[in-house]
Amino acid sequence: MIDYVGLMADNLLYLLLIVVGGLLVAIGVHFVPVGGAPAAMGQATGVGTGTVQLAAGAGLTGLVTAAAVMRVADDMLLVIASGMVGAMIMIGSTMLVGNFMYIYGVGVTPASGKVKYDPITKDRQDLYLSQGTEGHGVPTSCYISGIIGGGLGGLGGAMVYFALLSVTNATTALNVIGLASILAVAIFFINAVIASYNIGGTTEGFIDPKFKRVPKAIVASIVVTFLSAIMSIIIIGGI
Amino acid sequence: MAAGGEPKKVKSAIPPKTMIAFGLIGGLIGVYAGHFLSDMFGPVLSFFGALGAICAIVWGADTVRRVCSYGIGTGVPSIGMLAIGIGIVAALFGLAVGGIAGPIIAVIVATILGLIIGLLGNRLMKMGVPIMETATAEIAAAGTITIIGISTAMAGTFEITGIIDNVIANGFIAVVFIVGAIAILHPFNANLGPDEKQDRTLSVAFIDGSIAMILAGIVVAGVSLASAVPAILIGLAIWLFAFAKYLGYVKRDAYKVVGTGLLPTEEELS
């Protein structure tokens, strides 16, 4: 029989790290400019795919980067920072290539439909909108927002992975790596979908009015990640 | 607004309750049969786990079509990923603590987690989808049985040590993850629209489920070569049958099916 109380007491720090990591993923998704199907047709701002796919692409790259660095370094901060940078590079290149497509392929200027002036460059936005669209491409503010979101997502994913990997257990390292990575991916996806539900599938990042809904996602994410974290620790610690 | 169009309640020839019974009972019977029969008669019979997974996949796909036709706004794939995300956590937890009752505990845990996420989505985040709570619980349970079913077919057992050695430590769990998620989300994603029909969508669910079964067969070859053969052959048979059915439904629902011929040559164009 597994000693649940002892297990939780031993891994309280990791439980906290997993919850914070999941929370960072949920917040990070709110920063990533996703436009969904309308953006794929150049009718809305953001990259033309779903929140979950975009967050997963960046977050999983972060996980892989973190795991690769973990092979050669044992420092928690270094591992987590590399996960963060990996995710930022991935989301950055996705948005950059997406912008190339919109500018040179579709022939539209990156412009936001939600704000009149870009808060960072102060450029006028509404003049460049095509009629009947809600913006197109990834303008500067959205791009910077996306980089922040990718960073938060990668940071969160790497934190969850590191915490799961460090849970005290009685099994071999190879088994723990498999369990920790798939559970980290699962917790990542659960939080990405919760955040995605919160923004209704599309957002322009921190300039979007929907960004004010973040507190709701924080509550939901804490509840769900806490439950998942307890189960994950029992899985890894119990075998 | 989702690509499915105006929020509406879909028409179902097969009522949801029947689908729940089919997925839950069929799935659990498959999982237990895969476990005990491989115990008694060798891993040749582990393919029953994949049959259970197919039942759960069909149930999950039906739930996805019911909830997504309300227009959840985030795209159909997100809900499939959620199903498998909860499924992984719940399945491994159930198997780790439950022993022989593992799959049942996993399904109960998944249902509770799904209900909580559905409640948070509807009450806290105001998604406004009437069946969100029950639907999320259903897809979570379906995702859990899918994970356990495919894993059982791959490992020949659902004991956590066997699953860890044969599915998780060697990384096949990543394949289980994505093939399970795709199988649950793809049927409705491929068929959505105003002319979506339940039988056509579910025939794609059978196609996707059989592909998962074939994959499980390929993986189980690592445990014992003999057990790979029935899983792959039965999977192929289900795939052929379901694909023929699907083609029939497409021809039934299409206004007209015409052949375009080969691409015109350069002389014909000029």
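This tour moves through chain B of a predicted model, from the whole chain down to one helix and its neighbours.

Begin by selecting chain B and colouring by secondary structure: 10 helices and 0 strands should appear, and following the chain from the N terminus, the elements run α-α-α-α-α-α-α-α-α-α. With the C-alpha atoms displayed and the principal axes drawn, the chain B trace fills a box of roughly 65 × 55 × 30 Å. The radius of gyration of chain B is 19 Å, which agrees with the value near 18 Å that a compact globule of 270 residues would have.

Next, colour chain B by accessibility, where buried residues make up 57% of the 270 residues. The accessible surface of chain B comes to about 11,000 Å², and 71% of that area belongs to carbon and sulfur atoms. Switching to charged side chains, you will find 14 positive and 15 negative ones in chain B, with the centres of the two sets lying 13 Å apart. If you draw the contacts in chain B that have a separation of 6 or more, 74% of them are accounted for by residues 24 or more positions apart.

Now select helix α6 of chain B, residues 160-168, and show its buried residues, which are B:Ile160, B:Gly162, B:Ile163, B:Ile164, B:Val167 and B:Ile168. In an α-helix there are 3.6 residues a turn, so residues three or four places apart point the same way.

Which helices do the buried residues of α6(B) pack against? Within chain B, select α3 (76-98), α5 (132-155) and α7 (172-191), and then add α7 (173-199) of chain A, since the packing partners of these buried residues include a helix from that chain as well.

Key:
Residues are numbered from 1 along each chain as its sequence is written. Chains are lettered from A and ligands numbered from 1 in the order in which they are written. This is a predicted model: local features need pLDDT of at least 70, side-chain atom pairs count only at pLDDT 80 or more; totals for chains, interfaces and linings use all residues. Side-chain values use heavy atoms; hydrogens and water are left out. Helices (H or I, at least four residues) and strands (E, at least two) are DSSP runs, numbered from the N terminus. The radius of gyration is taken over C-alpha atoms; the globule rule is 2.2 Å times the number of residues to the power 0.38. Buried means under 20% relative accessible area, exposed over 50%, partly exposed in between (1.4 Å probe, protein chains only). Contact means heavy atoms within 4.5 Å. Accessible areas come from the Shrake-Rupley method with a 1.4 Å probe; for residues, only the protein chains shown count as cover. Lys and Arg count as positive and Asp and Glu as negative; His and the chain ends are not counted. The place of a charge is taken as NZ of Lys, CZ of Arg, CG of Asp or CD of Glu.
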